[in-house]
Amino acid sequence: MQYRTMRFQKTEDRVSLLGFGCMRFPKTESGAIDRERAGKMLDTALKAGVNYIDTAYPYHDGESEPFLGRILAKYARDSYYLATKLPVWLVNTAKEAQAVFDGQLDRLQVSYVDYYLFHALNRERWEKLKGSGIIEWAEQLKQEGKIRHLGFSFHDDYEVFREIITYRQWDFCQIQYNYMDRDIQAGDRGYELARKMGIPMIVMEPVKGGMLSGLPKEAQAILEEADPERSPASWALRWVGSHPGVKLVLSGMSSEEQLEDNIRTFSPFVPLGTQEEEVIGQAAKAIRARLKNSCTACRYCMPCPAGVDIPGNFAIWNEGAMYDIEEKARKAFKEKQEAGADAGLCIQCGKCEKVCPQGIGIRKDLADVVKDLSAL
C-alpha cells in the first residue's frame with residue numbers, strides 16, 4: 001500500500017493513499033447496510049494497509065457511523081485514522097453542534113476524531129457557519145484533543161472555495177476532483193491554490209460517483225488499447241493520485257470486486273507517465289464529444305420566468321449522453337418535473353437566449369431535453 005505524509009503545524013500523519021469512503025457500502029434488498037459483506041470489506045481493506053476511514057453523520061440514513069463504530073471497536077485506536085463530518089445544515093449554534101458531536105463519538109465508539117470536517121460547504125452554508133460560533137467551537141475541541149485536525153469538504157464554485165480556504169488556517173480540505181471535473185467546483189484552480197498554500201488535499205469522487213468506471217464504448221476502447229489489463233476506475237484513480245498535492249484518494253466501494261481492484265491500483269501505486277496522461281486526455285475528449293450542448297452552468301440565463309432550472313436540465317441531458325447513464329438521467333429528470341423546474345415548462349419567451357454567453361439555442365435545446373429524456 002502506498003502512503004503519503006500529511007504535515008500539520010505540530011505533527012504529521014502517514015496515511016494510505018487509498019481511503020475507504022463509507023457512503024456506498026453494499027446493501028441488502030431492504031436498502032440497509034449489508035453488515036456481513038461490508039464488515040468483511042473493511043477487514044480486507046485494513047489488512048491490506050488502508051488506514052484512513054471516512055464517514056459522515058447522514059451516510060446510509062444515519063447508519064454508517066454506528067455500523068463503523070462496531071467494526072472498528074475490535075481494532076487498536078491508533079491503527080487507523082477516522083474522519084467524520086458535522087452536518088452544517090442541521091445546526092445553528094455551537095450548543096447544537098456539540099450535541100451532534102457527542103452523539104457521533106457515541107455512535108463511533110471513540111473518544112476523539114482524527115479528521116473532522118464541516119460537511120459539504122457551499123456559499124449558503126459558509127455564510128451561516130461564519131456567524132454561528134461553530135468554527136470557534138471546533139477550534140476549542142482541537143485544543144481539548146477531541147478533534148485532531150479540522151477541515152471542510154466542498155461543493156460550490158471556485159470563488160467560494162477561495163474565500164473559504166483563505167479565511168483561516170485549515171489543517172486540510174476535501175474536494176471533488178477527477179479528470180472530467182477539472183473546470184467545475186474547486187477544480188484545477190482550487191487544487192493549485194491549496195497546494196500553493198501548503199494545505200493537504202483529500203479527494204472525493206475520483207471516479208465521479210462511478211461514472212468513470214463504466215465508460216461509453218469510444219472512451220473505453222482508448223483505455224483498453226493502452227492497457228487492456230487495467231480497469232477504467234484504476235485509470236481515474238491513478239490520474240488523481242498522480243497529483244503530488246493530493247495526499248489521499250477516497251473511494252466509496254460497494255463491492256468486493258471494486259475493493260480488490262482499488263487495492264491493486266495502490267499496491268504499489270504507479271503514477272501516470274506522459275503517454276498515459278495523453279491517453280486519459282483522449283478518453284476525456286471522447287466523452288466530451290458526446291455533449292448535447294455547451295452549457296457551462298454560468299447561470300446568466302437564470303432566473304427563468306417559467307421556473308425552469310435551465311442549467312440543471314442541461315446538466316442532466318449532457319451527463320446522460322456523455323456517460324451513457326439513461327436510467328440515472330431519467331430519474332433526475334423526473335425529480336425536476338416533481339419540483340416544477342423541468343424543461344417542459346419553457347414558454348419560449350427567449351429571455352434566456354439574449355444573455356447566454358455561449359450563444360446556445362436554449363429554447364430548441366430545452367425542447368430536445370423533453371423529447372430525449374421523456375423517451376427514456
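Mentor: Let's start with a word we'll need: a residue is buried when its relative accessible area is under 20%. Keep in mind that this is a predicted model.

Trainee: Okay! What share of the residues in the chain is buried?

Mentor: Buried residues make up 51% of the 376 in the chain.

Trainee: And how many helices and strands are there?

Mentor: The chain has 15 helices and 10 strands. Its radius of gyration is 21 Å, close to the 21 Å from the globule rule for 376 residues, so the chain is as compact as a globular protein of that length.

Trainee: What about contacts between residues far along the chain? How many are 24 or more positions apart?

Mentor: Counting contacts with a separation of 6 or more, 75% are between residues 24 or more positions apart.

Trainee: Switching topic: which peptide bonds are cis?

Mentor: One runs from serine 267 to proline 268, with omega near -5 degrees. Another joins methionine 302 and proline 303, where omega is about 0 degrees. Most peptide bonds are trans.

Trainee: Where do those prolines sit?

Mentor: Proline 268 is in the loop between α10 and α11, while proline 303 is in the loop between α11 and α12.

Trainee: Which residue in that α11 to α12 loop has a positive phi?

Mentor: Arginine 299, which lies in that loop, has a phi of about 70 degrees although it is not a glycine. Arginine 299 is partly exposed, at 45% relative accessible area.

Trainee: And aspartate 61, is it buried or exposed?

Mentor: Aspartate 61 is exposed because its relative accessibility is 78%, and exposed means over 50%. Aspartate 61 sits in the loop between β4 and α2, with a positive phi of about 55 degrees.

Definitions and conventions. Residues are numbered from 1 along each chain as its sequence is written. This is a predicted model: local features need pLDDT of at least 70, side-chain atom pairs count only at pLDDT 80 or more; totals for chains, interfaces and linings use all residues. Side-chain values use heavy atoms; hydrogens and water are left out. Helices (H or I, at least four residues) and strands (E, at least two) are DSSP runs, numbered from the N terminus. The radius of gyration is taken over C-alpha atoms; the globule rule is 2.2 Å times the number of residues to the power 0.38. Buried means under 20% relative accessible area, exposed over 50%, partly exposed in between (1.4 Å probe, protein chains only). Contact means heavy atoms within 4.5 Å.
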